[in-house]
Structure formats: structure tokens, C-alpha cells
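Here's a short tour for anyone meeting this structure for the first time. Have a look at it, and then we'll walk through it piece by piece.

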Amino acid sequence: GLKFGKFGRDAPTDLNGTFGNAMPGRRVAAFTVDQLDPFKCVGFNNLVVHCGINSIRSDEVTTDDHVRAVYVDFKTKINDIICVNKRARVYVNTLLPTKIETVNKRVKLFNSLINDDLSKSFKDVRIINIHSRFCSVGGLLSASLSREFNSRDE
């Protein structure tokens, strides 16, 4: 079956749950950047890293400098992953938009760092820019993808 990470404020301590009827599978874990363990990536040929939103949504991350600090930690983790699994193809997803404008500002900064810096720092890391596919015209998470929209349709 499909495995998914759990999202939300309780993610670091409560790693079990499901997405509900809208999506099959079981949520297994969602990590903050500091929780990424490069050694769990050993033995895989293809690695997709989609991490950062739980870190930049933190109440402690309030400024652009804080977002940059999270990015530096993220970049270090990518380097560590490459070092312990040299043959793996590493794909990095940009972060998805949110419905909260202040968080979305941080998402855009984090994504710009991925697109501008990470791609130059690691020639073999492939960037998957999925952010714009989930955006509304205003740059926030499209209403058609939100829980409120989906719950009204049921």
C-alpha cells in the first residue's frame, strides 16, 4: 500500500494516522528537516526528498533569516544523504503552497533557495518544481485542493 507522512503540529510526536476516505494508504511519518536521517536512505537507487514545510511552519520560524537557517540545515542533510548513498539519484521536491499567506511567503523563499542554490551546489540532484501546479491565481493553495472544499463536495 501507499505510505504517507502525517502533517500538522502533532507530526513530530504522533506519527500514525490516515488521510481518511479521500486518499488510500497510511501515514507513516513526516519529518522536520532536523529529523531527516541520511542513513535511512542507504540502499535505495532513487530518493525523493519532500521535506521542509513542517520546519518552516514552526512558530519559531518568523523571519527570512530563520527560513534561510532551515534551508542551510536542509542543504546539509541533502549533502549527508549523497555522502552515505553515493549511487542514489536524489530528487528534491519544492514545497507545496499553503492557504496561509504568512507561511506561503516562507514557502516561496525556501523554494527559491532550492531552485537557485541547491541546483548549483549539487549537479546530480534533480529539482522537481511542483509548487505552481498547486497554486491559485493568488499564489496560495488552490481552494479545490483544500479540505474545506473537498468536505463540501461529499
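Which residues does Phe-110 touch, once residues up to four places away in sequence are left out? The list is Cys-51, Gly-52, Ile-56, Val-67, Val-70, Tyr-71, Phe-74 and Leu-95. Keep in mind that this is a predicted model.

**The rings around Phe-110**

Two of those contacts are worth a second look. The structure has two aromatic pairs. In one of them, Tyr-71 and Phe-110 meet edge-to-face. That pair links distant parts of the chain, with Tyr-71 in helix H2 and Phe-110 in helix H3, 39 residues apart. Phe-74 and Phe-110 form an edge-to-face pair as well. Here too distant parts of the chain are linked: Phe-74 sits in helix H2 and Phe-110 in helix H3, 36 residues apart. Here are the two pairs side by side:

| Pair | Centre to centre | Angle between planes |
|---|---|---|
| Tyr-71 and Phe-110 | 6.0 Å | 80° |
| Phe-74 and Phe-110 | 5.4 Å | 65° |

Put together, the ring pairs join Tyr-71, Phe-74 and Phe-110 into a cluster. Are these rings buried or exposed? Phe-110 counts as buried because its relative accessible area is 0%, and Phe-74 is buried because its relative accessibility is 0%. Tyr-71 has a relative accessible area of 4%, so Tyr-71 is buried too, the cut-off being under 20%.

**The sheet and the helix across it**

Now for the strands. Three of them make an open sheet in the order S3-S4-S5, and the pairing is parallel. Strand S3 (46-49) and strand S5 (126-128) are the edge strands, each pairing on one side only. On average, neighbouring strands in this sheet are turned by 25° against each other, ignoring direction.

Strand S4 (residues 89-93) pairs with S5 over three bridges, in the parallel sense. If you'd like one spot to find, Val-92 has Ile-127 in S5 as its bridge partner. Lying across S4 and S5 is helix H3 (residues 101-121), which runs at about 170° to S5.

**The nonpolar core**

It's a general pattern that nonpolar side chains in soluble globular proteins tend to be buried together. In this model, the largest nonpolar core has 28 residues, and those touching the most other members are Val-49, Ile-56, Phe-74, Val-92, Phe-110 and Leu-118. At least two core residues come from each of S3, helix H1 (53-56), helix H2 (64-84), S4 and H3. Which of these elements gives the most to the core? H3 does, with seven residues.

**A look at Ile-78**

Ile-78 lies in helix H2. Its relative accessible area is 0%, so Ile-78 is buried. Leaving out residues up to four places away in sequence, Ile-78 touches Val-49, Val-92, Phe-122 and Val-125. Ile-78 and Leu-118 are 40 residues apart in sequence, and their C-alpha atoms are 9.1 Å apart in space.

**What about the cysteines?**

How many disulfides does a search of the whole structure find? The count is zero. Two of the cysteines make a nice contrast in burial. Cys-41 is buried because its relative accessible area is 15%, under the 20% cut-off. Cys-83, with a relative accessible area of 41%, is partly exposed.

Key
Residues are numbered from 1 along each chain as its sequence is written. This is a predicted model: local features need pLDDT of at least 70, side-chain atom pairs count only at pLDDT 80 or more; totals for chains, interfaces and linings use all residues. Side-chain values use heavy atoms; hydrogens and water are left out. Two strands pair if DSSP finds at least two bridges between them. Helices (H or I, at least four residues) and strands (E, at least two) are DSSP runs, numbered from the N terminus. Axes are lines fitted to C-alpha atoms, for helices over the stretch in contact, and angles run from 0 to 180 degrees between N-to-C directions. Contact means heavy atoms within 4.5 Å. A nonpolar core is a set of buried Ala, Val, Leu, Ile, Met, Phe, Trp, Tyr and Cys residues joined through side-chain atoms within 4.5 Å. Buried means under 20% relative accessible area, exposed over 50%, partly exposed in between (1.4 Å probe, protein chains only). A disulfide is a pair of cysteine sulfur atoms within 2.5 Å. Rings of Phe, Tyr and Trp (its six-membered ring) pair if their centres lie within 6.5 Å; planes under 30 degrees apart count as stacked, over 60 as edge-to-face and the rest as tilted.
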